[in-house]
Amino acid sequence: MSAHPPAGPAPQQPVAHQVAPRLWALIPCAGSGSRALAAGQAEPPKPSQPKQYQLIAGQPLVLHTLAAFASVTRLAGTLVVVAAGDDFFQRHALHPGCWAAPCGGATRAASVLGGLQALAARGAQEGDWVLVHDAARCLVTTRQIDSLIDACLPDRVGGLLAHKLADTLKTASDGPGGARVLSTVDRSDKWLAQTPQMFRLGPLRQALQQVGSAATDEASAMEAMGLRPRLVEGAAHNFKVTYPEDFALAEAVLAQRLHGATVERFGGHAGAAAAGVDKAVFFQRPGR
């Protein structure tokens, strides 16, 4: 007879606690906006300030963008990526849970990579979701952001807001007589990429590191990894303010909305431009 008792069942290993992934917003805000020249100036020397800080409806453009994200209750935080030496958010207010970091790079991909590193330093995990949004898309709504989250949370890859192409699409060639049509392109499967674009932090960082500056947006970096991001229907008004005429159009849209979200947070009267950032009622000063 064996001197040792028969071996019983192996002790169970403790099961690691599964933490639900969090959601973070990342707003690249380090560009110069060189194409956003003042209206009516064919050859201005240089914009006096980056386009994201120019006034629209009485407020710096980026504050309208941040107002939409401030109402997304599922976000763990919002990071604004600025260039080194940019003191805009030292002079203007930020809402609780939003902070600026001077980790912007020379390209969009570099700025987003810097932002992902800053989020990781803040406690973001590899499996957390990150919503990257252009600072200059100041007309995005909280409802659109929430619809993207709802569509992408159960998705294996993630996705982006996009708008189905409505206009006829042409290819062209340049010649002595100017641009000429070469052909008409089938538009039935064509979409205009917008933001936010929502992917998990780890895979997005890996994709951007591999693709580098060739990535024109986060989705293209994920595509280069063999993945197929989900398209979530956006809206035509979620355009990127890029050219001089875009400022007037964005202001008209904000006026039609009566500045609801922005006025609620920055002060002013519905239907009129807000009186100024010194009347901010929602945002707090940095350094809290």
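Here are some worked exercises on a predicted model of a single protein chain.

**Exercise 1. Getting oriented**

Task: Work out how many helices and strands the chain has, and what share of its residues is buried.

Solution:
- Start with the secondary structure: there are eight helices and 11 strands.
- Next, burial: of the 288 residues in the chain, 43% are buried.
- Now look at the surface, which comes to about 15200 Å², with 54% of that belonging to carbon and sulfur atoms.
- Finish with contacts: take those between residues at least 6 apart in sequence, and 69% of them join residues at least 24 apart.

**Exercise 2. Laying out the sheet**

Task: Find the strand order of the seven-stranded open sheet and say which strands stand at its edges.

Solution:
- Reading across, the order is S5-S4-S1-S6-S10-S7-S11, and the pairing is mixed.
- S5 (98-101) and S11 (230-233) each have a single partner strand, so one side of each is left without a neighbour in the sheet.
- On average, neighbouring strands are turned by 30 degrees against each other, ignoring direction.
- Zoom in on S1 and S6: they run parallel and are joined by four bridges. Ala25 sits opposite Leu131 of S6.
- Now add helices. H3 packs on the sheet and touches S1, S4, S5, S6 and S10 (191-200), with its direction at about 145 degrees to that of S1.
- H5 (residues 201-211) lies across S6 and S10, and runs at about 120 degrees to S10.

**Exercise 3. Finding the cores**

Task: Is H1 enclosed or open, and which elements give two or more residues to the largest nonpolar core?

Solution:
- Check H1 residue by residue: 10 of its 10 residues are buried, so the helix is largely enclosed by the rest of the structure. Leu61, His64 and Phe69 are among them.
- Move on to the largest nonpolar core, which has 30 residues. Val62, Leu66, Phe89, Leu131, Ile145 and Met198 have the most contacts inside it.
- Sort by element: S1, H1, S4, H2 (88-91), S6 and H4 each give two or more residues.
- Don't stop there, as another core of 25 residues lies apart from this one, with Val157, Leu160, Leu208 and Ala221 among its members.

**Exercise 4. Chasing salt bridges**

Task: Of the nine salt bridges in the whole structure, take Arg22 with Asp128, Asp150 with Arg74, and Asp134 with Arg108, and trace what each one links.

Solution:
- Recall the basic idea: side chains of opposite charge can pair when their charged atoms come close.
- Arg22 and Asp128 come to 3.7 Å at their closest N and O atoms. Arg22 is in the segment before S1 (23-28) and Asp128 in the loop between H3 (108-121) and S6 (129-132), so the pair ties together parts 106 residues apart in sequence.
- Compare the exposure of the two: Arg22 is partly exposed at 34%, whereas Asp128 is buried at 3%.
- For Asp150 and Arg74, the closest N and O atoms are 2.8 Å apart. Asp150 belongs to H4 (residues 142-152) and Arg74 to the loop between H1 (61-70) and S4 (75-81), so this bridge ties together parts 76 residues apart in sequence.
- Here Asp150 is partly exposed at 48%, and Arg74 is partly exposed at 32%.
- Last comes Asp134 with Arg108, at 2.3 Å from N to O. The link runs from the loop between S6 and H4 to H3, 26 residues apart.
- Asp134 is buried at 6%, while Arg108 is partly exposed at 21%.
- Follow the shared partners and you get one network made of Arg108, Asp134, Arg137 and Glu218.

How values were computed: Residues numbered from 1 in each chain as written. Predicted model: local features only at pLDDT ≥ 70, side-chain atom pairs only at ≥ 80, totals over all residues. Heavy atoms only, no water. Salt bridge = Lys/Arg side-chain N within 4 Å of Asp/Glu carboxyl O. Buried < 20%, exposed > 50% of the residue type's maximum accessible area, 1.4 Å probe, protein only. Contact = heavy atoms within 4.5 Å. Areas by Shrake-Rupley, 256 points an atom, 1.4 Å probe, with all protein chains shown as cover. Core = buried A, V, L, I, M, F, W, Y, C linked by side-chain atoms within 4.5 Å. Pairing = 2+ DSSP bridges. Axes fitted to C-alpha atoms, helices over the stretch in contact; angles between N-to-C directions.
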